[in-house]
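Here is a quick tour of one protein model, aimed at someone who already has the fold on screen. Take a look first, then read on.

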Amino acid sequence: MTNKLTAAIVGPGNIGTDLLKKLLRKSKNIEPIYMVGVDPNSSGLKRAEELGVTASAEGVDWLLAQEVLPDIVFEATSASAHQANAARYREAGIHAIDLTPAAVGPYCCPSVNLDELEAVDNVNLITCGGQATTPIVSAVSRIVPVEYAEIVASISSRSAGPGTRANVDEFTETTAKALEDVGGAKKGKAIIILNPVEPPMKMRNTVYCSLPPEAAVPGELQDKIRASIQSMVATVQSYVDGYRLTADPQFDEATDAWNGWGRLTVLIEVTGAGDFLPDYAGNLDIITSAAVATGDRYADLLRNKQVAASTTA
């Protein structure tokens, strides 16, 4: 008898398929039992069946009609789909981990606020850019105030599927808000670039953070910021193997052009693990990796809650 919690993946596209393979390969606490889509000719549904997972092209209606419902659902469709489905999951008693930019539930970045999930039945994994850059902004803001943070996420056009392209506005809005709510910046801004270069580029992210004047000159504060960033990078790498800085953090001294504030620049590259997608699709790999990390922690919290309820009954 397994001690794992069961899960359904809604959305059999590239993200859903990569997530399924990651859950089967590395999850300690989650057993995927359903894959759900709406296209009977979906190759993702066929792959799920080949991997021993029950698959259906009859959508969320089919999922919620099952005699055995999953403990957790991973939403890997679109922001609009999750906005429509979230209340239905809640009514069915299913906890949701949202991989779209819908932001129905609170933002979750495993390296920053994973342990704050206990009382939440729906969490949002921000965006791929948010998962890559929010940890860095958080690492800086826990040392010095960050008045403004701006990130630029550049991804291969080949790794941007229909969902990504349809949700560009949601991407920029959700990521910017997460830089504030999770990263700790007073004001956030996000930009995404779909680069058609061949051969395809790996995901690259640039993070800019404003720095108070005292942190914009070499000294103890800069050393603390560097150490905080390196510690955060190691935390992200514990669940995203291909996450790395491509250069040391770069500090610029305060100038009148920046209203007396200094600036920090951090450059990040994400290489995919190759579970299903090519290694250049680090943008997809980081969010599915974050989903596995979140799911495993979520399962721990839910299981502990169930044990506590049974002992007090």
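What follows covers the annotated site, an aromatic pair and a run of paired strands.

Keep in mind that this is a predicted model. Let's start with C128: an unreviewed UniProt entry puts the feature "active site" there. C128 sits in helix α6 (residues 128–141). Setting aside neighbours within four places in sequence, C128 touches F171, M203, N283, I286 and I287.

Now for the aromatics. Searching the whole structure turns up one aromatic pair. Y34 and W62 make that pair, meeting edge-to-face at 5.4 Å centre to centre, with 90° between the planes. Y34 belongs to strand β2 (residues 30–36) and W62 to helix α3 (residues 59–64), so to speak bridging distant parts of the chain, 28 residues apart.

Here is how the residues met up to this point fare for burial:

| Residue | Relative accessible area | Status |
|---|---|---|
| C128 | 10% | buried |
| Y34 | 9% | buried |
| W62 | 16% | buried |

On to the strands. In β5 (residues 95–98), H95 and I97 point one way while A96 and D98 point the other, and all are buried. That fits the usual pattern: in a regular strand, side chains alternate between the two faces of the sheet.

β5 has parallel partners: strand β4 (residues 72–75) pairs with β5 over four bridges, and strand β6 (residues 122–124) does so over three bridges. D98 is a handy landmark, standing opposite E75 and also opposite N124 in β6. Finally, β4, helix α4 (residues 79–91) and β5 form a right-handed β-α-β unit.

Conventions:
Residues numbered from 1 in each chain as written. Predicted model: local features only at pLDDT ≥ 70, side-chain atom pairs only at ≥ 80, totals over all residues. Heavy atoms only, no water. UniProt positions renumbered as here; feature names shortened; annotations may be inferred. Helix = DSSP H or I, 4+ residues; strand = E, 2+ residues; numbered from the N terminus. Buried < 20%, exposed > 50% of the residue type's maximum accessible area, 1.4 Å probe, protein only. Contact = heavy atoms within 4.5 Å. Phe/Tyr/Trp six-rings, centres within 6.5 Å; stacked < 30°, edge-to-face > 60°. Pairing = 2+ DSSP bridges. Right-handed = clockwise from strand over helix to strand, strands pointing away.
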